[in-house]
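Have a look at the model below and turn it around a few times. We'll start with a pair of strands, move on to a sheet, and finish with the ligand and a pocket.

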Amino acid sequence: MADVPGIGLPETGDNHGAFPRLTDEQLDVLRGIGTRRTAQPGEVLFREGDDSYDFFAIEEGSIAIVQGYGGENRVIAVHGAHRFTGELNLLTGTGVYLTAVVREPGTLIEIAADDLRELVAENEELSNLIMRAYLQRREILIGMGTGLKIIGSRFSPDTRRLREFLTRNRLPYRWRDLEDDTEAEEFLRGLGVTPAETPVVIWTRGDLSRNPSNAEVAARIGLSSVGPPPPLCDLVVIGAGPAGLSAALYGASEGLDTQAVDEVALGGQASTSSRIENYLGFPAGISGSELAERAAVQARKFGARLVVPGVAVGLEQEDGHYAVALAGGEVVRGRTLIVATGAQYNKLDVPDLERFEGVGVYYAATPAEARLCEDDPVLIVGGGNSAGQAAIFLSRTTGSCHLMIRGGDLGKSMSRYLVDQIERDERLGVMQHTEVRELRGDDGLEAVVVQDTRTGERRELPAKALFVFIGASPHTDWLRGQVALDDKSFVLAGRDLPEDALDAYAGDRPLFLETSRPGVFAVGDVHAGSIKRVASAVGEGSMAVRLVHQRLAR
Ligand SMILES: Cc1cc2nc3c(=O)[nH]c(=O)nc-3n(C[C@H](O)[C@H](O)[C@H](O)COP(=O)(O)OP(=O)(O)OC[C@H]3O[C@@H](n4cnc5c(N)ncnc54)[C@H](O)[C@@H]3O)c2cc1C
């Protein structure tokens, strides 16, 4: 027993529902699906680096969950009787990044991953319990920095790319910054890795990749293990933010063979929001990442194929269907298409902006960014809801926090409930009639020069981070020349389409949300005149599926 990690450690306390106990009745249900078996101390139930693993509920005995088993032996949790193993990757099918070792002898119920997914899809009570626990466990693992390691400089765009990709996909990882980690530098030198080959990713099996692409990372951790698309889907959805996920979920649940593809991560912009407080049914608010995670599990439950990363670069009409070309040469074909590619944040018109992006200038305020500027002075630009939410969130952890707006009235484009919270928040200041003119700093952001729009007076404010939320432009380059766009490049649909864009309808009329091409629909933020809210994006995604049926019937 001496080599079993976790001996002597107490069972991990239940952290916000991360480690709940199963009732006798719930264990009975699990016995009906799985296999009962005994377990001996030191037995490894699953190992970090494995492609997949089974679920274990503990009748008797205990299990230690360990990172770096046999080496680092860092005990992440200890589960006792009536608890269960697993994490979100058991439901999503991505690779295993921790090892489970039996600590005390006992009896377990073992359930294969596919059977567990079926159970979560069908048993409401167990689904809620397991789903909540797994979401909480993922939060804990992200906070602890378990999983694969990235070694790279904070000034490297590829380090930023990899970190953003993993963060947006809510995958835990550890980052060692070559700028101030001499041990990591020596480690790489020992392996013969040159600075030009960084960043490197060290996988949970211990092997290493030099500057891998996002697609390589996704393939390695099993992020898009759905296999090749069929020759022709009923419905292809491009973009898997709230609108695209909703379309994929409704499409699949209504029997359409559905494939959704996203360039970066499931959940879109919403998944970068620290707390969405105005989405129906969540009175205490819900983090964007949790909403996305739940939606993805739900869409997969109905059989939607969700592929990440995949970038749509072109659209063509072929014989009675549409073909979307993806970067890398793949083509996805569908009888109908839902465009849900959203919009991207507008950038500040200041010199040297790129030099500071990711090292002081940010477009999202999640716990990952908040950690980078803990106790530092922080500025936020923007007068909309996303700026307001970011300001409230950041004011809790940063040294000083100021929200800057161009106009003189915060309530002009921000919801009243946020304005009230900001006005009550003593840690948060508001600077009106203010515009950013210059960013200053050598290795990272140190100060921002701002100008008073009424007097023209300029002053320098200390700032380690500047968060920018000043509107968005649509992701429609890949549609240019194929569907009608408005003057700001948002997709026109339904009654907004001008008469001269209706040739393809040959006397018929476009349906609501239908673009200038019959069978191609636009939903969410990419749709001209959209409301830019999670609820409206989700609503349009579901409505479009109804309209897809109508178009197919015609
Ligand atoms: C920080 C922040 C906080 C917010 N808070 C709230 C809130 O509290 N309440 C609220 O109602 N709204 C909020 N919003 C707005 C809300 O998130 C958006 O309105 C909503 O996400 C729009 O959904 P969407 O699916 O249309 O687009 P998006 O969420 O933008 O998703 C579009 C997806 O398409 C993908 N994509 C783009 N181009 C391509 C391509 N060529 N190929 C493949 N994929 C592509 C992107 O990677 C992205 O995942 C917030 C937004 C932000 C940024």
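## Strands, a ligand and a pocket

Glu 438 has Val 449, in strand 22, as its bridge partner. Keep in mind that this is a predicted model. The pair belongs to a bigger picture: strand 21 (residues 434–440) and strand 22 (residues 447–452) run antiparallel and are joined by six bridges. Together they make a hairpin with six residues between the strands, and there Gly 441 takes a positive phi near 150°.

Now for the sheet. In general, strands of a sheet pair through backbone hydrogen bonds, in a parallel or an antiparallel way. Here five strands form an open sheet in the order 17-24-18-19-20, and the pairing is parallel. Why does one side of strand 17 and of strand 20 have no neighbour in the sheet? Strand 17 (361–362) and strand 20 (428–431) are at the edges with a single partner strand each, so one side of each is left free of a neighbour. Further in, strand 18 (residues 377–381) pairs with strand 24 (residues 465–468) over four bridges, in the parallel sense. One example to find is Leu 379, whose bridge partner in strand 24 is Leu 466.

On to the ligand, which is surrounded by 36 residues; Asp 262, Gln 269, Gln 389, Asp 525 and Val 534 are the closest. The shell is made up of 17 nonpolar, 14 polar and five charged residues. Some backbone atoms come up to polar atoms of the ligand, as the table shows.

| Residue (backbone atom) | Ligand atom | Distance |
|---|---|---|
| Pro 242 (N or O) | oxygen | 3.3 Å |
| Glu 263 (polar) | nitrogen | 3.0 Å |
| Thr 341 (N or O) | oxygen | 3.5 Å |

How much of the ligand's exposed area does the protein bury? On its own the ligand exposes 1,000 Å², and the protein buries 95% of that. Helix 8 (242–253), strand 16 (343–345), helix 12 (385–394) and helix 14 (534–553) are the elements that give two or more residues to this shell.

Last, the second largest pocket, with a volume of about 1,000 Å³. Its lining has 37 residues, and Arg 294, Ala 295, Val 297, Gln 298 and Arg 300 lie nearest the centre. Among the elements giving two or more residues to this lining are helix 2 (88–92), helix 8 and helix 9 (288–301). Which element gives the largest share of the lining? That is helix 9, with nine residues. Sorted by class, the pocket lining has 21 nonpolar, eleven polar and five charged residues.

Key
Residues are numbered from 1 along each chain as its sequence is written. This is a predicted model: local features need pLDDT of at least 70, side-chain atom pairs count only at pLDDT 80 or more; totals for chains, interfaces and linings use all residues. Side-chain values use heavy atoms; hydrogens and water are left out. A residue is near a molecule or strand if one of its heavy atoms lies within 4 Å of it. A polar contact is a pair of N or O atoms within 3.5 Å; within protein, one must be able to donate a hydrogen and the other to accept it, and residues adjacent in sequence count only if both atoms are side-chain atoms. Accessible areas come from the Shrake-Rupley method with a 1.4 Å probe; for residues, only the protein chains shown count as cover. Ala, Val, Leu, Ile, Met, Phe, Trp, Tyr, Cys and Pro count as nonpolar, Asp, Glu, Lys and Arg as charged, and the others, Gly among them, as polar. Two strands pair if DSSP finds at least two bridges between them. On a 1 Å grid over the protein atoms alone, a cavity is a set of points where a 1.4 Å probe fits but cannot get out, and a pocket is an open set with protein on both sides within 12 Å along at least five of seven lines; lining residues have an atom within 4 Å of a point. Grid points are joined across faces, edges and corners, and a volume is the space filled by probe spheres set on the points.
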